[in-house]
Amino acid sequence: MARYPSGITPLPGRDVTDPRARARQLVLEDDAHPVSSTAPCVNPECAGPVDFVGKGTMPLYCSNTCRSRASKLRAVATEQLEVIERTLDETKHLAGIPRDELRSRARMLQWWLARLGPADER
Ligand SMILES: [Zn+2]
């Protein structure tokens with residue numbers, strides 16, 4: 001069981017040709033299978049829920065603390081990635097450079113960056 005089930009399921013009404021009938025079918029399906037209004041916080045270090053309230057911004061983080069933490073993690077990971085890539089580039093003709101270890105760390109940082117949400121979320 002998912003921690004926060006999305007409720008996102010295929011809608012049978014999508015194939016109805018008549019748009020009025022399709023609209024009614026979609027509303028019936030939404031009543032029968034509502035999409036969840038709670039999702040996990042995008043800060044990968046947090047297990048908290050985020051509620052979608054339907055108006056204003058679409059929050060990704062449960063708190064300003066989580067937004068700030070994710071921003072800090074994103075900045076540090078991005079900087080490290082740039083240093084690793086520059087180091088690999090500047091040493092490409094040198095022997096004895098631990099390339100596999102550096103590439104492995106770079107891949108891990110990219111993996112974390114993919115989980116930190118967009119940089120300009122508001
Ligand atoms: Zn959070």
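In this predicted model, helices H2 and H3 cross with left-handed geometry. Their axes lie 10 Å apart, at an angle of about 150°. H2 is therefore roughly antiparallel to H3, since an angle over 145 degrees meets that criterion. H3 spans residues 99-113, and H2 covers residues 64-90.

The contact between the two helices draws on many side chains. On the H2 side, the participants are Arg 74, Ala 77, Thr 78, Gln 80, Leu 81, Ile 84, Glu 85, Thr 87 and Leu 88. They meet Arg 99, Leu 102, Arg 103, Arg 105, Ala 106, Leu 109, Gln 110 and Leu 113 of H3.

H2 also contributes to a metal site, through Cys 66. A zinc ion is held there by four SG atoms, from Cys 41, Cys 46, Cys 62 and Cys 66. The coordination distances are 2.3 to 2.4 Å. Angles between the four donor atoms run from 103 to 118°, so the arrangement is tetrahedral. For four tetrahedral donors, the ideal angle is 109.5 degrees. Along the chain, the zinc donors follow the spacing C-x4-C-x15-C-x3-C. Cys 46 and Cys 66 link distant parts of the chain, 20 residues apart. Cys 46 sits in the loop between strand E1 (38-40) and strand E2 (49-51), whereas Cys 66 belongs to H2. Cys 66 has a relative accessible area of 8% and is therefore buried, the limit being under 20%.

The two strands flanking this loop each carry a proline. Pro 40 is located in E1, and Pro 49 in E2. Pro 40 has a relative accessibility of 33% and so counts as partly exposed. Pro 49, at 43%, is likewise partly exposed.

Beyond four places in sequence, Pro 40 contacts Arg 3, Tyr 4, Gly 48, Val 50 and Leu 60. Under the matching exclusion of residues up to four places away, Pro 49 touches Tyr 4, Thr 38, Ala 39 and Cys 62. Tyr 4 thus appears in both sets, because it contacts Pro 40 and Pro 49 with heavy atoms within 4.5 Å. Cys 62, a partner of Pro 49, is also one of the zinc ligands.

Two C-alpha separations complete the description of these prolines. Pro 49 and Tyr 61 are twelve residues apart along the chain, and their C-alpha atoms are separated by 8.3 Å. For Pro 40 and Gln 110, 70 residues apart in the chain, the C-alpha separation is 21 Å. Gln 110 is one of the H3 residues that meet H2.

Notes
Residues are numbered from 1 along each chain as its sequence is written. This is a predicted model: local features need pLDDT of at least 70, side-chain atom pairs count only at pLDDT 80 or more; totals for chains, interfaces and linings use all residues. Side-chain values use heavy atoms; hydrogens and water are left out. Donors are N, O and S atoms within 2.8 Å of the metal (3.2 Å for Na, K and Ca); water is not among the atoms, so sites may look incomplete. Four donors count as tetrahedral if all angles lie between 85 and 135 degrees; four count as square planar and six as octahedral if opposite donors are over 155 degrees apart and all others between 65 and 115; anything else is irregular. Helices (H or I, at least four residues) and strands (E, at least two) are DSSP runs, numbered from the N terminus. Buried means under 20% relative accessible area, exposed over 50%, partly exposed in between (1.4 Å probe, protein chains only). Axes are lines fitted to C-alpha atoms, for helices over the stretch in contact, and angles run from 0 to 180 degrees between N-to-C directions. Angles under 35 degrees count as roughly parallel, over 145 as roughly antiparallel, 65 to 115 as roughly perpendicular and the rest as oblique. A crossing is left-handed if the near helix is turned anticlockwise from the far one by less than a right angle, and right-handed if clockwise.
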